[in-house]
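Here are some exercises to work through at your own pace. Have the sequence and the 3D view open, try each task, and then compare your steps with the solution.

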Amino acid sequence: MPKDSLIALNKVSPEPLVRPQLDGRPIPIAHLGPLRGPAQALADLTQAPIEIGFQSLLAVSSLATQSHANTETLAGDAPLSLFLLTVAASGERKSTCDKLAVSAVHQWEEDNYPAYLHCRATYDLELGVFEQAQRKYVKARNGGEVIEEEVPQQPIAPVIPRKILSDVTYEGLLHHFEEGDPSVGIFSDEGGQFFGGHAMSKENQLKTSAAMSKVWDAAPLNRTRSGQSLDTFRHRRGCLRVMLQAGVAESVFANETLRDQGFLSRCLIAWPDSRIGTRLITVNDEEATKRAAAQDKLAAFNNRITRLLSLPSSDAGNPRELVPRRLELSSEARSLLVSFANEVERQQGKDGDLAQITGFASKAAEQAARIAGVFALLADPATNVVSLTVMTDAVQLTAWYLSEAQRALDAGYVDPYLQMAERLRVWLLEKAPYEPFTKRKIVRGGPSAIRDTKTVEKLLGILERHHWIVRCPSATANGKKSAPTWRLIADV
């Protein structure tokens, strides 16, 4: 059937099945600060998009620095805690990048655990002495005896050297803060488990998202138990890194609760283009030299992280409450941050480029200051100043994150059947753009995920309602009608 006849038969222009996602732009590699070398090293070692490795490296850097300093912003001081969401398909080597990026933290936990066990044993003995003396004191006081010996001071339990938590609920986080490290990272490479688990179930979603916003703000965290007093956990720090597949990400970014509570606006999102299909293995001397150099860069990064984790944190006498020092903005860094904040504010106005992501854009200046603080401390753990050079990198990187947020938050939720229908349309465009086809052809040779009859029938109905296929006139043979046949509207 000629093209003109098909269009005439269709009569209505096809309707898009899914909203096309805006093309992303590459991360500004020149502005990755002290993470430029390690990020390139991860990309060389894994052939994953450089953005995936950078997200993991930045999360680990936030974890290692957040206990030591706060950074000056244009509206007061802020912690160095960052929330990062990475979107990539299965097979993009997210977990491989993450394993390499966090190896120094896991090694630090392992190295410090024997000392913790020794301190714990000593604490248990001292606690037993204290409790025995306390019981003796109470008994004597109740009996009217004169008490000459003082009850020893209650010992302080040692801090559990655990820095990384995964798939944790809000209650679990508070439980950790009772005896655990006051500075933690909530890291999950299974975004479906994190957002689909108990913490983010429908009944807990509001509570958890509001609580995580408090963690980002370093605000006091409260817990009320039935029949007991209110517990308040102050001066703790928590960063977040979650990896998501595209299908999960679309539902998360469209979730009104996560948007309205400000959780998503506190996240730095990266959604890189896939490299699957281009990651060919090369075996030669040049490649071996490049991999050896990458290993050296990654080892240097791990040494930096170990050094930061090993530095004592200021705690004002309570090892479970942090007292970070202040990083001040240099006058040049402050001036640049003001210019950036003003430009972002103008773009949030009516019809501005950032008008649809004002929640994220309103926090852009603070995000830039936080990133700058992380970079500054990573480069020099003793510094008290954020320089112009560091702020320039942070502003350029935050501008890139703004563009990623535009892409991600504009995508919204897409019905899975619409996604499958689009996949079938693309398959038909490749396999039978101008040929008639039947349901049986798709069931037998179509995309593997949609070869059952009921699913194919549903998808054909969607394609027909959206005017991407037209039913051909039925033919008869020996008095019987042939099976229904369609043609694709290919030239659109």
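**Exercise 1. A residue and its surroundings**

Leaving aside its neighbours within four places in sequence, which residues is Val 60 in contact with? Keep in mind as you look that this is a predicted model.

Solution. Start by placing the residue: Val 60 belongs to helix α3, which spans residues 50–65. Next, check its accessibility: Val 60 has a relative accessible area of 0%, so the residue is buried. Now list the contacts, which are Ala 101, Val 102, Val 105, Phe 187, Phe 301 and Ile 305. Finally, take a C-alpha distance: Val 60 and Ala 104 are 44 residues apart along the chain, and their C-alpha atoms are separated by 9.1 Å.

**Exercise 2. Classify aromatic pairs**

Work out how the rings of Phe 83 and Phe 263 are arranged, then do likewise for Phe 253 and Trp 271.

Solution. A pair of aromatic rings is described by the distance of the centres and the angle of the planes. The structure holds 5 aromatic pairs. For Phe 83 and Phe 263, the centres are 6.2 Å apart and the planes meet at 55 degrees, so this pair is tilted. The angle is neither under 30 degrees, which would count as stacked, nor over 60, which would count as edge-to-face. Then locate the partners: Phe 83 is in strand β3 (residues 83–87), while Phe 263 is in the loop between α10 and β9, 180 residues apart. Both Phe 83 and Phe 263 are buried.

Turning to Phe 253 and Trp 271, the centre-to-centre distance is 6.2 Å with 50 degrees between the planes, and this pair is tilted too. Phe 253 sits in helix α9 and Trp 271 in the loop between β9 and α11, so the pair ties together parts 18 residues apart in sequence. Phe 253 and Trp 271 are both buried.

**Exercise 3. Charges over rings**

Find the ring that the charged end of Lys 163 sits over, and the ring whose face Lys 458 lies over.

Solution. Begin with Lys 163: its charged end sits over the ring of Trp 108, 5.7 Å from the centre. For Lys 458, the ring is that of Tyr 417, with 4.8 Å to the ring centre.

**Exercise 4. Two helices and their buried residues**

Decide how the buried residues of α6 are arranged around the axis, and how enclosed α2 is.

Solution. In helix α6 (residues 170–179), the buried residues are Tyr 170, Leu 173, Leu 174, His 176 and Phe 177. These cover an arc of only 155 degrees around the axis, which puts them on the same side of α6. Their packing partners include β5, α8 and β8.

For helix α2 (residues 36–46), 8 of the 11 residues are buried, so the helix is largely enclosed by the rest of the structure. Among them are Pro 38, Leu 42 and Asp 44. The buried residues of α2 pack against α3, α4 and α11. Just after α2 comes Gln 47, which has a positive phi near 60 degrees.

**Exercise 5. A loop threonine**

Is Thr 383 buried or exposed?

Solution. First, place Thr 383 in the loop between α14 and β11. Its relative accessibility is 16%, which is under the 20% cut-off, so Thr 383 counts as buried. A polar atom of its side chain lies 3.2 Å from the backbone oxygen of Val 385. Not counting residues up to four places away in sequence, Thr 383 touches Arg 325, Leu 327, Ala 376 and Leu 377.

Key
Residues numbered from 1 in each chain as written. Predicted model: local features only at pLDDT ≥ 70, side-chain atom pairs only at ≥ 80, totals over all residues. Heavy atoms only, no water. Phe/Tyr/Trp six-rings, centres within 6.5 Å; stacked < 30°, edge-to-face > 60°. Helix = DSSP H or I, 4+ residues; strand = E, 2+ residues; numbered from the N terminus. Buried < 20%, exposed > 50% of the residue type's maximum accessible area, 1.4 Å probe, protein only. Lys NZ or Arg CZ within 6 Å of the ring centre and 35° of its normal. Polar contact = N/O pair within 3.5 Å; in protein donor to acceptor, adjacent residues only side chain to side chain. Contact = heavy atoms within 4.5 Å. Arc of directions from axis to C-beta.
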